[in-house]
Protein chains: 2
Amino acid sequence: MNVKEAIQTRRSIKVFDPGHRMSEDEIRTLVEHAILSPTAFNIQHWRFVAVRDPALRAKIREASWNQAQVTDASLLLVVCMDLKAWDKAPERYWRNAPSRVQDHMVTGIRQYYAGNAQAQRDEGMRSTSMAAMTVMLLAREMGYDSCAMDGFDFDAVGRLIHLPEDHAICMMLAIGKRLQEPYPRSGQLALEEVFFTDHF
Amino acid sequence: MNVKEAIQTRRSIKVFDPGHRMSEDEIRTLVEHAILSPTAFNIQHWRFVAVRDPALRAKIREASWNQAQVTDASLLLVVCMDLKAWDKAPERYWRNAPSRVQDHMVTGIRQYYAGNAQAQRDEGMRSTSMAAMTVMLLAREMGYDSCAMDGFDFDAVGRLIHLPEDHAICMMLAIGKRLQEPYPRSGQLALEEVFFTDHF
């Protein structure tokens with residue numbers, strides 16, 4: 001499958017085959033590619049929690065308006081961000097670079113994020129959302145469908161996965177084998193409504 | 001090119017051939033596929049501004065720490081979000097659905113976002129970042145490279161593109177033909193540092 005076809009055929013699917021098992025290799029392949037996504041200053045804010053324990057899945061489903069894909073998907077990934085990753089030994093994100101470059105980047109990191117909670121959160125959302133899109137398109141190529149979810153109690157799910165206090169959840173991804181064809185797209189805006197030249 | 005190869009070969013490139021022209025068809029193809037990305041409640045918060053005017057590009061470059069890719073890229077997309085899209089006739093996002101479904105979704109939209117500025121902003125960041133990743137992977141398949149940018153004065157660029165008051169900028173994407181090979185990755189975290197089972 002090429003990229004164009006993956007984009008065109010990816011739809012949010014909520015009815016998955018609960019009997020399908022994704023192999024460990026497949027799961028690892030998805031996450032190994034997720035972390036090749038771009039991330040500002042190479043901070044790699046993303047943290048992925050694969051929920052395998054069926055009892056934990058059931059509890060997360062309760063915290064997700066009882067949506068069936070939470071338990072029926074072959075893979076449930078809670079896509080999280082470390083909001084303070086920028087401040088945790090940032091020199092490691094540039095350890096392969098010349099020391100001049102490393103110093104420059106670490107200084108830039110501190111200037112960009114220190115004391116700016118909204119910039120920290122926005123950056124985490126950007127990095128983790130891009131990684132999530134990478135996962136969904138690769139999953140499509142691997143014969144899977146996905147559902148990006150934010151319809152759940154973020155605090156409750158955070159407690160269930162022991163989310164550290166300086167982390168946040170971006171979304172959950174349910175990935176599996178579809179048992180239902182998607183509905184027609186529910187109401188696409190025309191390109192002209194969302195695409196501008198030079199200015200609004 | 002398949003999805004896996006696009007992910008593996010996409011790197012952030014900052015040196016582009018300033019003489020390469022991207023066709024209108026190519027630009028349209030990128031944005032037409034961007035808007036197939038997932039978006040919560042189908043709200044489609046994304047707004048894309050293609051900056052074509054060379055004088056405007058030069059001004060944006062000044063507001064971007066003079067980074068050359070702003071003027072040298074074949075395509076400069078300012079990826080924006082309408083923070084209030086959820087409240088602007090949301091029934092249109094579900095116009096193709098049965099009225100029962102439409103009513104349910106519109107009610108859900110109001111419950112989720114009304115009075116919650118952080119949820120509105122997080123959602124915009126999620127939707128637009130996923131769309132940006134879609135663009136970057138498709139660009140790779142089309143023989144282009146990209147650079148996702150947040151190193152610029154968001155307020156200044158917002159003024160230059162006449163950003164509406166209830167919108168925000170997520171990032172800029174510079175896309176073009178590379179003139180320089182990427183450096184080795186500067187410091188990838190090990191998979192084990194970012195990938196967990198069941199909980200942190």
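**Exercise 1: a partner across two strands**

Which residue of β4(B) is the bridge partner of B:S146?

*Solution.* Before you start, note that this is a predicted model: local features need pLDDT of at least 70 and side-chain atom pairs count only at pLDDT 80 or more, while totals for chains, interfaces and linings use all residues. Residues are numbered from 1 along each chain as its sequence is written, and chains are lettered from A and ligands numbered from 1 in the order in which they are written.

- Step 1: Get the elements straight. Helices (H or I, at least four residues) and strands (E, at least two) are DSSP runs, numbered from the N terminus.
- Step 2: Look at β3(B) and β4(B) (residues 167–176), which pair in the antiparallel sense over 5 bridges. To count as paired, two strands need at least two DSSP bridges between them.
- Step 3: Go to B:S146; its bridge partner in β4(B) is B:I175.
- Step 4: Now add the helix. α6(B) packs on the sheet and touches β1, β2 (75–82), β3 and β4 of chain B, with its direction at about 10° to that of β4(B). Contact here is C-beta atoms, placed from the backbone, within 7 Å; angles run from 0 to 180 degrees between N-to-C directions, with axes fitted to C-alpha atoms, for helices over the stretch in contact.

**Exercise 2: a sheet with a guest strand**

In what order do the 5 strands of the open sheet that includes β1(B) run, and which are the edge strands?

*Solution.*

- Step 1: Read across the sheet: β5(A)-β1(B)-β2(B)-β4(B)-β3(B), with mixed pairing.
- Step 2: Pick out the edges. β5 of chain A and β3 (145–149) of chain B each pair on one side only.
- Step 3: Check the twist, which averages 25° from one strand to the next.
- Step 4: Zoom in on the guest. β5(A) pairs with β1 (residues 46–50) of chain B in the parallel sense, over 3 bridges. One bridge there joins A:T197 to B:A50.

**Exercise 3: how the chains meet**

How many residues does each chain put into the contact, and which element of chain A gives the largest share?

*Solution.*

- Step 1: Count: 66 residues come from chain A and 66 residues from chain B.
- Step 2: List contributors. Elements of chain A that each supply at least two residues include α1 (3–9), α2 (24–34) and β4 (167–176).
- Step 3: Find the top one: α6(A), with 11 residues, has the largest share of chain A's side.
- Step 4: Sort that side by class: 37 nonpolar, 16 polar and 13 charged residues. Nonpolar means Ala, Val, Leu, Ile, Met, Phe, Trp, Tyr, Cys and Pro; charged means Asp, Glu, Lys and Arg; the others, Gly among them, are polar.

**Exercise 4: the two sides of α5(B)**

Which residues of α5(B) are buried, and which are exposed?

*Solution.*

- Step 1: Set the cut-offs. Using C-beta atoms placed from the backbone, buried means 20 or more others within 10 Å, exposed means 12 or fewer, and partly exposed is in between.
- Step 2: Take the buried set: B:M105, B:I109 and B:Y113. They cover an arc of only 45° around the axis, so they sit on the same side of α5(B); the arc is that of the directions from the helix axis to the C-beta atoms.
- Step 3: Flip to the other side, where B:S99, B:R100, B:T107 and B:Q111 are exposed.
- Step 4: Try one buried residue. B:I109 has 21 other C-beta atoms within 10 Å, so it's buried. Beyond its neighbours within four places in sequence, B:I109 is in contact with B:F41, B:W86 and B:P90.

Notes
Two residues are in contact if their C-beta atoms, placed from the backbone, lie within 7 Å.
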